[in-house]
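Biologist: Please give me a close look at a single part of this model, from its immediate partners out to what lies beyond them. I should like the criteria behind each term stated as you go.

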Amino acid sequence: MTEDDIDQMSYTDFIALLDETNRCPGGKKTIRRIRELIHIDGKTNILDVGSNTGFTSLELSRITPAKISGIDISESCVSQAEKSLSEDIGSVRSRVTFQVASSYNIPFPGDNFDLIMAGGATGFMDDKSKAIHEYLRVLKPWGFLVMSPLTYHTQPPQKMVDDVSEIIGTTIKPMTTKDWINTVDEISEDFEFYFSEPHKLSPRISEEIDEYVDYFLKKDHIKILSESVKDAIKRRWLSILRVFNENHKYLGYSIIVFRKRPVVEEPELFRST
Ligand SMILES: C[S@@+](CC[C@H](N)C(=O)[O-])C[C@H]1O[C@@H](n2cnc3c(N)ncnc32)[C@H](O)[C@@H]1O
């Protein structure tokens, strides 16, 4: 591997090289909040869509007694998730499974899950309508769909949007909480918007960013690389994180909960704001 390889590899390959843990927006705090907001017991059957390397499924199984099935289209993510699962304790191993599958064709019967955890994954799907109709099919009546997408609370300057888009290699469309609620509403009336909870992300001081970068440079598989390659990794990782940090002045995430509504209900006029 050379300096040029580091400079030219895609963002996804660069993150894979660093082996950074993929978390749902808000990480453990989001998962803890979901447990506080939604009743989950030993009979609760959960689907984790876009389970990636397993963070959400594993954490949910550690703090609830639920049964959890994770699906992801990426074979390498699923094998990494299975590896982490095999290293966890018995009561986690007995309640969690991972499989390679698409949200467009979920390999479970209809009316099967009490809760679908779709973290930040739906934003990565081109055909959101197909995925959301599949969520509806496999959810039990009155079952919950939970999303926790990254959402902008303040409109970012166009230069910020362009810089982030360039880093991740895809044009981002800054979405607000309302945009996400409208997206699901427009796709199906059979989902009732239940509630949302916005959270702001706070930018870190530059020393914390430096420490975070150093943490990656000390990983066993990185520290054995040549000095010039490590310098290139440091340069690229710092410049990415500085842009992301600036973006965090405008960015947050929202926990958004919908329910599969099996009956027609009257609208409610007087609601709290
Ligand atoms: C950012 S990660 C999500 C990580 C984490 N679960 C979360 O809650 O944010 C997005 C994941 O969605 C997966 N993904 C994208 N399209 C998918 C699809 N159609 N079906 C299943 N998984 C998909 C990707 O492979 C990736 O692992």
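Modeller: Two strands count as paired if DSSP finds at least two bridges between them. Strands (E, at least two residues) and helices (H or I, at least four) are DSSP runs numbered from the N terminus. The model is predicted, so local features need pLDDT of at least 70 and side-chain atom pairs count only at pLDDT 80 or more, whereas totals for chains, interfaces and linings use all residues. Residues are numbered from 1 along each chain as its sequence is written, and side-chain values use heavy atoms, with hydrogens and water left out.

The part I have chosen is strand β1, residues 45-49. Five of its five residues are buried (under 20% relative accessible area with a 1.4 Å probe, protein chains only; exposed is over 50%, partly exposed in between). Strand β1 is therefore largely enclosed by the rest of the structure. Its residues point in two directions: Asn45, Leu47 and Val49 one way, Ile46 and Asp48 the other. Both sets are buried.

Strand β1 has a parallel partner in β2 (residues 67-72), to which five bridges join it. Within this pairing, Leu47 is bridged to Ser69 of β2. Between the two strands the chain passes through helix α4, residues 55-63. This β-α-β crossover is right-handed (with the strands pointing away from the viewer, the path from the first strand over the helix to the second runs clockwise).

Strand β1 also pairs with β4 (residues 113-117), again in the parallel sense, over three bridges. Here the bridge partner of Leu47 is Ile116. Leu47 thus has bridge partners in both β2 and β4.

What is the setting of β4 itself? Four of its five residues are buried, so β4 too is largely enclosed by the rest of the structure. It runs parallel to strand β5 (residues 139-147), with four bridges between them. One of the contacts along this pairing joins Met117 to Val146 of β5 as bridge partners. Helix α7 (residues 128-138) completes a right-handed β-α-β unit with β4 and β5.

The aromatic side chains extend the picture. The structure holds 11 aromatic pairs (ring centres of Phe, Tyr or Trp, its six-membered ring, within 6.5 Å; planes under 30 degrees apart are stacked, over 60 edge-to-face, the rest tilted). In one of them, the ring centres of Tyr11 and Phe244 are 6.1 Å apart and the planes lie at 75 degrees, so the arrangement is edge-to-face. This pair links distant parts of the chain, since Tyr11 belongs to helix α2 (residues 11-18) and Phe244 to helix α12 (residues 227-247), 233 residues apart. Both Tyr11 and Phe244 are buried.

A further edge-to-face pair consists of Phe108 and Phe113, with 5.0 Å from centre to centre and 80 degrees between the planes. It brings us back to β4, whose residues 113-117 include Phe113. Phe113 has a relative accessibility of 0% and so counts as buried. Phe108, with a relative accessible area of 18%, is buried as well. Finally, Phe14, Tyr212, Tyr215, Phe216 and Trp237 together form one aromatic cluster.
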